Amino acid sequence: MTGYAVRRMFHAILLIKCVLVVVFLLLHITGDPTAIIAGPDATADDIVRLRTLMGFDQPLWVQYGKFFLGAVQGDFGKSFEYGESALALVFEHLPASFELAISAFVLSVVIGVPLGCLAAFRENSLFDRSFIGTTVFVQAVPDFWLGIMMITFFSVHLGILPSFGRGSWTHFLMPAFAASTYHLARLGRLMRSQMLETLRQDFILTARAKGLPETMVVMGHALKNSAIPIVTVMGLDLGILLGGTVIVETVFAWPGAGRLVVQAIANRDFPVVQAVVFLLASVFVLINLAVDLIYAYLDPRIEYS
Amino acid sequence: MMEDTRILGSYVHIGAMERAASLLSSLRRDWSALLGVFIIVAVVAAATLAPVLAPMDPYEQSLSRTLKPPLWSDGEHIFLLGTDHLGRDFLSRLIYGSRVSLIVGAFAVLLSGGVGLIVGLLTGYFGGKVDLVMMRVADLVLSFPFILLALATIAIVGPSLTVLIVVMSLRIWVIYARVVRGEALKIRGMEYVQAAHAMGGSHTRIICRHVLPNVMAPVIIIASLYLGRMIVIESGLSFLGLGVPPPTPTWGGLLSEGRTHLYNAWWVATFPGLAITFTVWGANLLGDWLRNVLDPRLRSL
């Protein structure tokens, strides 16, 4: 187990290094990063000056060396727009993003898991069938449209919820719900099918046959054994939410890293774009690492090779 | 032994025609799948027949008729779903908007499917160093928050139909490749593959005749399940202004125009969202049915 954990951590560090390379190459895809940073209005003179200023006239590997040395010291350059360190700027916006992502995650688990279990316990009942029907439909609703519709209804028509910004708990309700629906529906469906599969296993039959009360069968046996695949999915969902509430943040003007990156793209503020992509990708890698370790702890049968 | 021959026999005897017929008969019994087929056929028809179906020119502006509400709430004009802020007929823009969504969705699913299928087949069948490297690349691709990377790439390269299709395929091919690799790995060890090999069948022949037909089911399932996701992502990117540039109508672009008119023109934000939701719903219903019929093990996709 320890060996496996160390290997997985080493693997995660390697991945983060690769992420750094990709983030660096991002600016160089078109072959001329100067023109990208300068924008369409720049004169040829500006571009030449900017090229030497930014060091884009040096060989690619020299540029990468500098970028790498800076990055490991937490330096992605200064934001063109705000003048402060790009990484610091992203760190300022991360708490808001995490707040939103974690509330959406909690919402999807707290609602999705119990509903999915309930549907499985009452297989083929009216509740079960409407549960399946609803979740399939909900998975098709784009979160940003749901957000806009909620703003139209609750803010514009009823005037009971704030339509943008972050502050009191009422600011949370709509963005968190909009960001959670897809994951909620998916998690609910997976929970249902996983639970159904577990309930068909022999050990459940044994537990029932030896006269265990149904609550004990469910709590002690069924739930525990359905947990493993669900934990994996939950980890993936959390990672996706942490790195992907970009559009919901934009809809609700939520001051998080996602909105920051959309604004940075509009302003051609590429150090900020690189810093956000790097940080969120690293968070994503670390969460996957945590999921793998939890998974290995929960299910000791996993092959550690 | 009896058991084995029987299973083998049933594989041999079920031809492509019979399989298609059994698929169709199961479709007739499944209401939700029929609904999915109906929705998708309707959207495809709207996209291909747009010039015939659209009542007006989707690009024709008129400042004297901006933001007219839909027909039923104000009967004085001829715009079934009203007009947008430049006085363009909204229904026509909505119908034309289906084109971008479908083209990007379908081509992204096909391109990534092709790449993923080839990579998965080769790595799964041959294994070795290539396999190791490809799986590391897959890990790397999956370690990026997808939307974020797509945003950054499109912002740098510049938005266009091709860029959208390629960027969206960058993520999804991995999902195909992983599933196909797993299947190919399993099939490689089967006795009939070894038999084919012993009889002197070349690798190409074995891959094409024995492995490929057995991995097609998951490929079809992934394609249909991810079509909806692709359409949502495309409209999200368009919503952020990183999709196919205006004046080409896209559902996401129409939605973002509607955002500024929430107070005085509810229809501009409502209808594109409904169009996306129903299209994606149709694709998902279809995908769910295909999965249940072809390979229920893939339910975690």
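How many residues apart are Tyr64(A) and Phe67(A) in helix 4 of chain A? They are three residues apart in helix 4 (residues 60-72) of chain A, which means a separation of about one helical turn. The model is predicted.

**Aromatic pairs**

Over all chains, the count comes to 14 aromatic pairs. Tyr64(A) and Phe67(A) form one of them, and this pair is tilted. Their ring centres are 6.5 Å apart, with 35 degrees between the planes. The angle falls between the 30 and 60 degree limits, so the pair is neither stacked nor edge-to-face. The two residues differ in burial class. Tyr64(A) is partly exposed, with a relative accessible area of 21%. Phe67(A) counts as buried, at 13% relative accessibility. The cut-off for buried is under 20%, so Tyr64(A) at 21% does not qualify.

A pair in chain B has another geometry. The rings of Phe278(B) and Trp281(B) have centres 5.7 Å apart and planes at 75 degrees, so this pair is edge-to-face. Phe278(B) and Trp281(B) are three residues apart in helix 12 of chain B, about one helical turn. Phe278(B) is partly exposed at 36% relative accessibility. Trp281(B) is buried at 17%.

| Aromatic pair | Centre to centre | Angle between planes | Class |
|---|---|---|---|
| Tyr64(A) and Phe67(A) | 6.5 Å | 35 degrees | tilted |
| Phe278(B) and Trp281(B) | 5.7 Å | 75 degrees | edge-to-face |

Tyr64(A) and Phe67(A) also belong to one aromatic cluster. Its other members are Phe24(A), Phe68(A), Phe76(A) and Phe278(A).

**The interface between the chains**

Now to the contact between chain B and chain A. On the chain B side, 41 residues are in contact with 46 residues of chain A. The two chains bury about 4000 Å² between them. Carbon and sulfur atoms account for 78% of that area.

Polar links can be counted too. There are five residue pairs in polar contact between chain B and chain A, with both residues at pLDDT 80 or more. The count of salt bridges between the chains is one. Asp288(B) and Arg189(A) form it through their side chains, at 2.9 Å from N to O.

Which helices of chain B supply at least two residues each to the side that touches chain A? They are helix 6 (128-142), helix 7 (146-157), helix 10 (203-239), helix 11 (251-259) and helix 12 (266-294). Helix 12 of chain B gives the largest share, 13 residues. By class, the side of chain B that touches chain A has 25 nonpolar, nine polar and seven charged residues.

**Helix 11 of chain B**

Helix 11 of chain B is mostly covered, with seven of its nine residues buried. The buried residues are Trp251(B), Gly252(B), Gly253(B), Leu254(B), Leu255(B), Glu257(B) and Gly258(B). What covers them includes elements of both chains. From chain A comes helix 7 (143-157). From chain B come helix 3 (31-48), helix 5 (90-126), helix 10 and helix 12.

**A buried arginine in chain A**

Is Arg186(A) buried or exposed? Arg186(A) counts as buried, because its relative accessibility is 17%, and the cut-off is under 20%. This residue lies in helix 8 (residues 170-199) of chain A. Arg186(A) and Gln139(A) are 47 residues apart along the chain, yet their C-alpha atoms are separated by 7.0 Å.

Methods. Residues are numbered from 1 along each chain as its sequence is written. Chains are lettered from A and ligands numbered from 1 in the order in which they are written. This is a predicted model: local features need pLDDT of at least 70, side-chain atom pairs count only at pLDDT 80 or more; totals for chains, interfaces and linings use all residues. Side-chain values use heavy atoms; hydrogens and water are left out. Contact means heavy atoms within 4.5 Å. Buried area is the accessible area (1.4 Å probe) that two parts lose on being put together, summed over both. A salt bridge is a side-chain nitrogen of Lys or Arg within 4 Å of a carboxyl oxygen of Asp or Glu. A polar contact is a pair of N or O atoms within 3.5 Å; within protein, one must be able to donate a hydrogen and the other to accept it, and residues adjacent in sequence count only if both atoms are side-chain atoms. Helices (H or I, at least four residues) and strands (E, at least two) are DSSP runs, numbered from the N terminus. Ala, Val, Leu, Ile, Met, Phe, Trp, Tyr, Cys and Pro count as nonpolar, Asp, Glu, Lys and Arg as charged, and the others, Gly among them, as polar. Buried means under 20% relative accessible area, exposed over 50%, partly exposed in between (1.4 Å probe, protein chains only). Rings of Phe, Tyr and Trp (its six-membered ring) pair if their centres lie within 6.5 Å; planes under 30 degrees apart count as stacked, over 60 as edge-to-face and the rest as tilted.
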